[in-house]
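Visitor: I have a model open on my screen and plenty of labels I don't understand. Could you walk me through a few of them?

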Amino acid sequence: MATIQTAYDQLVTHLKRLDTLGSINGVLGWDEQVNLPPGSADLRAEQAALMAELLHAELSRPEVGDWLDTLQSGAAELSEDQRAVVRDAQRDYLQATRLPKAFVTRKTKAHSAGFHAWVKARQEDDFKSYIPYLETNLAIAREEAALMEAPHAYNYWLDQFDPGLDQATVESLFNPLLEETKTLVAQIEYSGFDISTEALRGFPVAEQADFLNEVVRAFGFDFEHGRIDQSVHPFCGGHPLDVRMTTRFHEDNPLDSLSSVMHESGHAMYEQGLRREHLGTALGSAIGMAVHESQSRMWENQVGRSRAFWRAWEADYRARFATQLANVSSEDFYRMINRVAVTPIRVDADEVTYNLHIMLRFALEKRFFDGSLEVADLPDAWNETSTRVLGYTPKNNREGCLQDVHWSGGAFGYFPSYCVGNLIAAQLWETIHAALPDIEDQIAAKNYAPLLGWLRENVHHRGRRHLTAEFVRVATGRPLSHKPLVAYLKNRYGPLYGLN
Ligand code: ZN
């Protein structure tokens, strides 16, 4: 008994040390994107490489293997929570020790080279020059799955981002969602209700930032343990006790920063809601990308694009931007915020068509891994699939297969998380409405405490006790399904576009 408990305590101390090391990396990564002078990039690369080496050495310390062996053989003496901590630590330890150092170095270099090749290829719309890099990344992804003795390479990668998620589950969710979404988009296009956002021009950045700070503070973001800065690509990083989120501002596109800040604050509040006493262990960790994305999407979409939200904030917004909005009616402004229109670029997509972009990428990733798609044939396959799924044929590879950074850095299996996150957000939202029947009134009164309180208790505080799909069943009482998202989208966009 004593040995088991000692081994467990040693493991937790080790995990907390790793968490602190990781938090140093978090600040360095944030600083690189927000503050770093261009001439200091080489030094930062050296620092990052050394940090990675230190982290890997700490992660793969041989004693950790001994503790894990002891804990696994004595698992019966552990509580359910403790077993979850051990299981999670085991997973990371295997990852750190099974992959040879030479392989990890080769992989890191390939991803870095792939990224630079992608930047250039996209700039020049030159897919050919990118082919060997993408081929290398794919080969390395397959090799890693083999080294990890994973029976199915694509499942291995899906599981990396969302524990327990596999191709068959994603297919069973995406297939019906695809049909329902295509129908809805066709109806919306046919309705002729499209409203351009062209009228939104000249919104001073300082005023935008001020408004958003007020909103995010009202949501419940803790500025004592986090901050918002600016970067080219918005992100949320740092550590739960020191969250660093960023946004970007355009005077002529105020809706972009609105949605991006609400989105990142959803990520941020998930991190801030993890149990402090458990940080570093599975009990104080986020589950995976899809659940993370469910939090960001919920604040951005279910809350931030709702009538209730704008009933509360429109007057404040108009007070700041009276001239810019003088000729925009309330209803038109709401329609602009909820505009649905097919765009070739994923990151510009609205919440209805966005999922189609993900299904397009999922269809191609599957084929990369089952061997039915060669990298050289990607542009044609992309364009065909885009025509079928999105109803749009890209005019060039910049608005087709060269638009996303993910594959250039070896992130295969990541895209589905975005759409699964939307599914989870909608299913949680249904559950929240049942649990808090006056939630819309609370949102309309700028009172977000009931919502955040529910999320804290039912999502954030759970940590990583469950795999992704199991978490959804526990939190909502039902298996993950496409239906809540379809119902939510019809509910919001049906009336707006005069459908039904
Ligand atoms: Zn996100």
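Visitor: What makes up the lining of the second largest pocket, by class?
Guide: Keep in mind that this is a predicted model. By class, that lining has nine nonpolar, four polar and four charged residues. The second largest pocket has a volume of about 350 Å³, and of its 17 lining residues, Trp-429, Glu-440, Tyr-488, Asn-491 and Arg-492 are the closest to the centre.

Visitor: Which element gives the most to the lining of the second largest pocket?
Guide: That's α20, with seven residues.

Visitor: Why is Ser-60 called buried?
Guide: Ser-60 has a relative accessible area of 19%, and buried means under 20%, so Ser-60 counts as buried. You'll find Ser-60 in the loop between α2 (41-59) and α3 (62-73).

Visitor: How do you know that the side chain of Ser-60 has a polar atom by the backbone oxygen of His-56?
Guide: The two atoms lie 2.6 Å apart, and the cut-off for a polar contact is within 3.5 Å.

Visitor: What makes His-263, His-267 and Glu-293 donors of the zinc ion?
Guide: They coordinate the zinc ion at 2.1 to 2.5 Å, and donors must be within 2.8 Å of the metal, so these three fit. Along the chain, the donors follow the spacing H-x3-H-x25-E. His-267 is in helix α10 and Glu-293 in helix α11, 26 residues apart.

Visitor: Are His-267 and Glu-293 buried or exposed?
Guide: His-267 is at 9% and Glu-293 at 3%. Buried means under 20%, so both are buried.

How values were computed:
Residues are numbered from 1 along each chain as its sequence is written. This is a predicted model: local features need pLDDT of at least 70, side-chain atom pairs count only at pLDDT 80 or more; totals for chains, interfaces and linings use all residues. Side-chain values use heavy atoms; hydrogens and water are left out. Helices (H or I, at least four residues) and strands (E, at least two) are DSSP runs, numbered from the N terminus. Buried means under 20% relative accessible area, exposed over 50%, partly exposed in between (1.4 Å probe, protein chains only). A polar contact is a pair of N or O atoms within 3.5 Å; within protein, one must be able to donate a hydrogen and the other to accept it, and residues adjacent in sequence count only if both atoms are side-chain atoms. Donors are N, O and S atoms within 2.8 Å of the metal (3.2 Å for Na, K and Ca); water is not among the atoms, so sites may look incomplete. On a 1 Å grid over the protein atoms alone, a cavity is a set of points where a 1.4 Å probe fits but cannot get out, and a pocket is an open set with protein on both sides within 12 Å along at least five of seven lines; lining residues have an atom within 4 Å of a point. Grid points are joined across faces, edges and corners, and a volume is the space filled by probe spheres set on the points. Ala, Val, Leu, Ile, Met, Phe, Trp, Tyr, Cys and Pro count as nonpolar, Asp, Glu, Lys and Arg as charged, and the others, Gly among them, as polar.
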